[in-house]
Amino acid sequence: MRAARLIKLVLLLQSRPSMTAAELAAELEVSERTITRDALALSEAGVPVYADRGRSGGYRLVGGYRTRLTGLARGEAEALFLSGLPGALRDLGLADAASAARLKVSAALLPSLRDAPDAVGRRFHLDAPGWYQEPETPELLAPVAEAVWDDRLLFARYLRGDGEEVERELCPYGLVLKAGVWYVCARAGSSFRTYRVDRFTAVAVGEERFVRDEDFDLPSFWEERAAEFARSLLRAEVVLRLSEAGARRLPYVTDRAAAEEALAAGAVGDDSRVRVVLRVESEEVAFSQLLTLGPEAEVLAPDSLRTRFREAARGLATLYS
C-alpha cells in the first residue's frame, strides 16, 4: 500500500508545479503527517522532493525530475489501454496521436507488462453504434472538436428539429458520442444546451477563447440532459390493471423509470391486481409495448387504446380458434 502511495505522490508532483501537504493529503486520503513522512522517505531514496516553507509553500520536484511508469500493475496497465475508443479517436482526428501515446507508455512499462495492449485488444472491443444503423462521421465534427480542445468560440448555423435554420454563437464545452451519434454540449448565452453535430450546416472556429466554468461537469450534465430528454418523450398517459406477473415485467417492456414511478404510486385492488397510471410516448408505442404482456395487463383508459386491445384480442382468438 505504501509503495503505491509513494508512486502516486511522485506522479502528482510531476503533473503540477507545487502541492501543499493538505492538498496531497486530501488526494491520497491520508494525514498531513503521513505526507511529511512519505516526502522524507522519497528524499532519502534519491527522489528530489523539496518542501517550500511559508503560507504559499508546498512540495515540488527539483530540476524537472521525471519517473518512468514502473509502478503500474498489470491490471492498471490493461485498464489504461482499454480506455481508448478507436472509432471515436479516428473521427476526432486523434488516431495518430493516440497511437504515439500508447507507444510511449508501452516503452515506459516494465518488460513483464509490455504485452498489456495485445492482451486487452484480444479480449475487448467496443462497438458503440446500434445494430440497425450505419454510423456516419459528421462532416463538421473536426472543426467542432478543434473548438472544444482549444476553448474557442464557435459560430454555427444549426438545423433545428422543426426544420428552421438558426445562427448560434457557442462556447463548446465537450463532445459526447451516444449510440453512434455525436453531440456537443455548449453554453449559449447564459444557459447550457446540447446540439447534434450532424445538424450543423456551417461552423467557423473563432480566434477568441472563452473562459470555462470550472464547476461544469460534462458526465453529470449529459446524464441530467439525457434523463430530461427521455422524460420529454413521455407525452401521454394510460391507465392499467396489472397482475403480479405483469407488474414484474412492466419495467422490461416500457420506459423503466416511468414504469417504476407508476408502480410506486399504484394501488392494489380487491382482486390483488395493481392499478397504475403509466406515462408513455404515444398510444401507438404503448400498444406495441403493452401487447407483449398479454393477459397480465388490462388497459382501462384511454378508451381508444382499450378498443385497439379488444380488436387485437378478437383477431388473435379468431386466428388460434
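In this predicted model, the side chains of Arg187 and Tyr173 are joined by a polar contact of 2.5 Å. Arg187 is buried, yet it forms no salt bridge. The nearest side chain of opposite charge belongs to Asp213, 6.2 Å away. A salt bridge requires a separation within 4 Å, so Asp213 does not qualify at 6.2 Å. Asp213 nevertheless touches Arg187. Leaving aside residues up to four places away in sequence, the other contacts of Arg187 are Glu169, Leu170, Cys171, Tyr173, Phe192 and Val211.

Arg187 sits in strand β5, which spans residues 181-188. This strand belongs to an open sheet of five strands. The order is β6-β5-β4-β3-β7, with antiparallel pairing. Strands β6 (191-196) and β7 (200-209) form the edges, each pairing on one side only. Neighbouring strands of the sheet are turned by 45° against each other on average, direction ignored. Between β5 and β6, the antiparallel pairing extends over six bridges. Within this pair, Tyr183 stands opposite Arg196 of β6.

Two helices contact these strands. Helix α8 (residues 141-150) packs on the sheet. Its contacts are with β3 (152-159), β4 (165-178), β5 and β7. The direction of α8 makes about 80° with that of β4. Helix α9 (residues 218-232) lies across β4, β5 and β6. Helix α9 runs at about 75° to β6. Strand β5, the site of Arg187, is thus touched by α8 and crossed by α9.

Methods:
Residues numbered from 1 in each chain as written. Predicted model: local features only at pLDDT ≥ 70, side-chain atom pairs only at ≥ 80, totals over all residues. Heavy atoms only, no water. Helix = DSSP H or I, 4+ residues; strand = E, 2+ residues; numbered from the N terminus. Buried < 20%, exposed > 50% of the residue type's maximum accessible area, 1.4 Å probe, protein only. Lys, Arg positive; Asp, Glu negative; His and termini not counted. Polar contact = N/O pair within 3.5 Å; in protein donor to acceptor, adjacent residues only side chain to side chain. Contact = heavy atoms within 4.5 Å. Pairing = 2+ DSSP bridges. Axes fitted to C-alpha atoms, helices over the stretch in contact; angles between N-to-C directions.
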